[in-house]
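Dear colleague,

I am passing on the structure we spoke of, and below it you will find my notes on what was found. Please read them with the model open beside you.

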Amino acid sequence: GEAEEPAKIERPLAADQRAKPAVRLASAPQRPRFASRPSLPGVQRKYRMAAIGIVAGIVLAGGAFGIHSVSKATVKIIPHTESANVDAAFSVGKGAELAIESMRIEESMTARAKAGGTQDISERAAGRISIYTAYSADAQPLVRRTRFQTADGKVFRLKDAVTVPGAKTVSGKLEPSFVDADVIADEAGDTYNIGPVDFTIPGFKGTPKDGKFYGKSKAPMSGGFVGRATVIRDEDVAALRKTLERDLKAKLDAKLAVQLPDGFIVPKNASRYDIAVRSVEPAVGSRADSFQIQATGTLAVMPVGRAELERKLAAKYGKVSGGSDPSIRNFSELAVVADKVDFTKLSMTVSAKGNATFVWAIPSVALQQKLASAQGSAGRTSVFMSFPQIQSATVIYHPSWWRFFPARASKITIEEEA
């Protein structure tokens, strides 16, 4: 390579400063071989100086070769940019101006809150019992509200009609059969909150079925209460539901941010949330200090490729022809909005408005290769001029005092500046 001053090229690019002529060291003359060397002082001085010159030449040449092998160049590029007020709309869908994509994300959440109401409550205890029969092999229907009584006279009634299956005959003997059923206390109050107990059926008293049909509870009865208590109000549920929907949407958005493929954006109005409440427990009006809501959410979106949209806008508003596809440096400042959104047909119209700054990417590898093979500063100037994506270029040498441009692409670094 040739020695040069630091180069800065702007469009139109100025040629690099002329190279300084390279200085070549002539080889020292060979010392004649004598059978015997004269001992004259002048002759000794002459050969001593020649030897020193040869050694110095070798050292300088080796140093130059070493520096040249490690020398590098950094080319700082300011890419070509254009600004334009864009206002364009494109159809999105199958076979439309922009390709359509669709995504569906699901999430579920449970939220809990305190109940805020108080009122006078009168509630009856309830539970579940097993109803047995060893009377006969015939099934026995029991009507709704059939009474079951404890030994101390507390009465519980069937919530719904049931049929007790007939007893089974095993080795000639009847073995009891049973059915489980829900019961509720005949009166309100916590005195009916009793533990596991046996029940008789007062309706069979004085008949052959008395004692042959009976009930047993395996778990305590609960829920009996009379007095003023905290209850769940409609407004409590509405407030918690609003908070739950907000948090569920935020969770869906966070999941979308992770799953959205690189290079895609979701235009405004190109998303749809569906929130469904699955349960409220306990129910509104129930006596409870707190309650919870379970809900599921779905987020449907139709993203578009950012690069594809940028190409469409550049084709409409950009003035540079040839070269690489441009990007929009301030893309986030544009208003990209979807209209006529149809999630069933997967179609919409996307508009982009605002002041866009188009910037053309530099093909670094191709530029490195062309610069490495260019002949002198004039050749490199021609290389820079051949790339319409380049607005200006500055060459920085490493080390700074070594003005030789590398002849290997791997020794050239391309840096883009805003």
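R144 sits in the loop that runs between β6 (140-142) and β7 (147-149), and with a relative accessible area of 53% this arginine counts as exposed. Together with R124, R145 and K159, R144 forms a positive patch on the surface. Please keep in mind that all of this rests on a predicted model, so that every value below is computed from predicted coordinates.

One member of that patch, R145, is also among the residues touched by R157, which belongs to strand β8 (residues 155-158). R157 is buried, at a relative accessible area of 17%, and, leaving out residues up to four places away in sequence, its contacts are R145, T146, R147, D182, V183, I184 and D186. With the last of these, D186, the side chain of R157 meets in a salt bridge, at 2.6 Å from N to O. Because R157 lies in strand β8 and D186 in strand β12 (residues 177-188), the pair ties together parts that are 29 residues apart in sequence. The two partners fall in separate classes of accessibility, since R157 is buried at 17%, whereas D186 is partly exposed at 30%.

A search of the whole structure finds 16 salt bridges, and a few others deserve a look. E415 pairs with K76, the closest N and O atoms being 2.7 Å apart; as E415 is in strand β24 and K76 in strand β2 (residues 72-79), this pair ties together parts that are 339 residues apart in sequence. Both ends are partly exposed, E415 with a relative accessible area of 33% and K76 with 23%. R104 and E106 form another salt bridge, in which the closest N and O atoms are 3.6 Å apart; here R104 is exposed, at 55% relative accessibility, while E106 is partly exposed, at 49%. In addition, E107, K251 and K255 are linked in a network of salt bridges.

Turning to the helices, what surrounds L371, a residue of helix α4 (residues 364-373)? Leaving aside neighbours within four places in sequence, L371 is in contact with V75, R380, V383, F384, F405, I412 and I414, and its relative accessible area is 0%, so L371 counts as buried. The C-alpha atoms of L371 and R408 are separated by 8.8 Å, although these residues are 37 apart along the chain.

Three of the contacts of L371, namely R380, V383 and F384, are also listed among the buried residues of α5. Helix α5 (residues 376-385) has seven of its 10 residues buried, and is therefore largely enclosed by the rest of the structure. Besides those three, the buried residues of α5 include G376, S377, G379 and T381.

The backbone has several features that you may wish to inspect by eye. Most residues other than glycine have a negative phi, and most peptide bonds are trans. Against that background, a cis peptide bond joins E281 and P282, with omega at about -15 degrees, and P282 is placed in the loop between β17 (271-281) and β18 (290-301). A cis peptide bond also joins H398 and P399, with omega at about -5 degrees, and P399 is found in the loop between β23 (390-398) and β24 (412-416).

Positive phi values occur at N269, where the angle is near 75 degrees, and at L346, where it is about 55 degrees, neither residue being a glycine. N269 lies in the loop between β16 (264-265) and β17 and is partly exposed, at 44% relative accessibility. L346 lies in the loop between β21 (335-342) and β22 (347-360) and is likewise partly exposed, with a relative accessible area of 31%.

For the chain as a whole, there are five helices and 24 strands, and buried residues make up 35% of the 418 residues. Among contacts with a separation of 6 or more, residues 24 or more positions apart account for 78%. The chain exposes about 24400 Å², of which carbon and sulfur atoms supply 52%.

With best regards

Terms used. Residues are numbered from 1 along each chain as its sequence is written. This is a predicted model: local features need pLDDT of at least 70, side-chain atom pairs count only at pLDDT 80 or more; totals for chains, interfaces and linings use all residues. Side-chain values use heavy atoms; hydrogens and water are left out. Patches are made of residues with over 30% relative accessible area and no salt bridge: like charges are joined within 9 Å, nonpolar side chains (Val, Leu, Ile, Met, Phe, Trp, Tyr) within 5 Å. Accessible areas come from the Shrake-Rupley method with a 1.4 Å probe; for residues, only the protein chains shown count as cover. A salt bridge is a side-chain nitrogen of Lys or Arg within 4 Å of a carboxyl oxygen of Asp or Glu. Lys and Arg count as positive and Asp and Glu as negative; His and the chain ends are not counted. The place of a charge is taken as NZ of Lys, CZ of Arg, CG of Asp or CD of Glu. Helices (H or I, at least four residues) and strands (E, at least two) are DSSP runs, numbered from the N terminus. Buried means under 20% relative accessible area, exposed over 50%, partly exposed in between (1.4 Å probe, protein chains only). Contact means heavy atoms within 4.5 Å.
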